[in-house]
Amino acid sequence: MGLPIANPVGQCADESEMTDRTYRIAAIPADGIGPEVVEAALEALESLAAVDGGFRLEVRHFDWGSARYHRTGSYMPEDGLEQLRAHDAILFGAVGAPDVPDHISLWGLRLPICQGFDQYANVRPTRVLPGVRSPLRDLAPGGLDWLIIRENSEGEYAGHGGRAHRGMPEEVATETAIFTRRGVERIMRYAFECARARPRRHLTVVTKSNAQRFGMVFWDEMAAMVGAEYPDVAWDKELVDAMTVRMVRAPQSLDTIVATNLHADILSDLAAALAGSLGIAPTGNVDPERRAPSMFEPIHGSAFDITGKGIANPVASFWTASLMLEHLGERGAAARLMNAVELVCAAGILTPDLGGRAKTKDVTRAVCEALKGSNAPVA
Ligand code: IPM
Ligand code: MG
């Protein structure tokens, strides 16, 4: 019995129906520990392709990131999106540098890709992997198994706002969250689809509709409207502040979770910490309609404090690669990769963020070895 694939990321093609199983991958390692963990993921993917024998990856590297910004004044070329468009998926590392304000790096690379390709669903699975100690182990000995769906195209990240009278006593700054019918309806529908594809068929819709009486009440209404189409999915509502308590106090009452761009950003960091470490948390920026490539990345970011030390945890990046494979329709390979990662974690081959002493390369080597020994079907 293989591991359940806990994270549907769009309608996957059935691999048995596909003739050409060569996938064009755009790798953007970018900043900080990004290059270290993307290299680890590509190594694991290569081992996996070799044992699988069915699919091939054609990887093209893009050197976009803060070094390019320092050199040329921009994070990516003007026709960057056009260069990426020809790929089946994007594997991203991390963006951000100590000498560039975070909002410049974010709006220079990651957000233009997410928003430019309308990757409106951000998918964040969280589980406690074997061998990893969750701070909730006494409250939830069976672990936790969540799928957070983050709205990824609008809301608080819409980039709508401005500043006037800079430096004056009457200075004003606005940051307006935008919620559109199209945007909320499509993320709600995607969340219900994801919930339906998981065994528990349960969705929690997170808002702050007691205090925010326009956009958040609109979210509640859209949840009720879309939810009526899914009588087989049980759903409930939670306010975001109460949600933090529920995640800690009653983790097993949750399964699939949908929230706004900012709320889900915050909740997913909490989720990663409760699952053991930010170093294991993956994400997919997905266009469920497949009009453009989707982008997969570890959540952890650049991590300057450990950059170049060889101790970055590659697990988030492996899990990210598994999400990418699933999106490409390679469900068997995706499950096999996660099996290998779980075997390695269970064996205690862990980086320092998980209390271990292994280096990035040790974990990567162990995963590649486990893959070679796991050619048996996992389903
Ligand atoms: C995330 C990150 C980013 C976000 C940062 C780096 C801007 O925290 O992917 O969760 O807030 O979207
Ligand atoms: Mg975040």
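User: How far is an oxygen atom of ligand 1 from an N or O atom in the side chain of Tyr157?

Analyst: Quick heads-up: this is a predicted model, where local features need pLDDT of at least 70, side-chain atom pairs count only at pLDDT 80 or more, and totals for chains, interfaces and linings use all residues. Residues are numbered from 1 along each chain as its sequence is written, chains are lettered from A and ligands numbered from 1 in the order written, and side-chain values use heavy atoms, leaving out hydrogens and water. The Tyr157 pair is a polar contact (a pair of N or O atoms within 3.5 Å). Its separation is 2.5 Å.

User: Which residues are around ligand 1?

Analyst: A residue makes this list if one of its heavy atoms lies within 4 Å of the ligand. Arg110 has a polar side-chain atom 3.2 Å from a ligand oxygen, and Asp265 has a side-chain N or O atom 2.8 Å from one. The full set is Leu106, Arg110, Arg124, Arg150, Tyr157 and Asp265.

User: How does that shell divide into nonpolar, polar and charged?

Analyst: Ala, Val, Leu, Ile, Met, Phe, Trp, Tyr, Cys and Pro go down as nonpolar, Asp, Glu, Lys and Arg as charged, and the others, Gly among them, as polar. Sorted that way, the shell around ligand 1 comes out as 2 nonpolar, no polar and 4 charged.

User: Where does ligand 1 sit?

Analyst: On a 1 Å grid over the protein atoms alone, a pocket is an open set of points with protein on both sides within 12 Å along at least five of seven lines, while a cavity is a set where a 1.4 Å probe fits but cannot get out; lining residues have an atom within 4 Å of a point. To "sit" in one, a molecule needs more than half of its atoms within 2 Å of its grid points. Ligand 1 passes that test for the largest pocket.

User: Which element gives the largest share of the lining of the largest pocket?

Analyst: That pocket holds about 500 Å³ of space, and 22 residues line it, with Val95, Leu106, Arg110, Ile299 and Gly301 nearest its centre. β3 (89-94), α4 (102-116), α8 and β12 (294-298) each give two or more residues; helices (H or I, at least four residues) and strands (E, at least two) are DSSP runs. The largest share, 4 residues, is from α4.

User: How much space lies in the second largest cavity?

Analyst: The whole structure has 2 cavities of 30 Å³ or more. The lining of the second largest includes Arg124, Ile299 and Trp319, and its residues divide into 8 nonpolar, 2 polar and 2 charged. Its space is about 60 Å³.

Terms used. Polar contact = N/O pair within 3.5 Å; in protein donor to acceptor, adjacent residues only side chain to side chain. Points joined across faces, edges and corners; volume = space filled by probe spheres on them.
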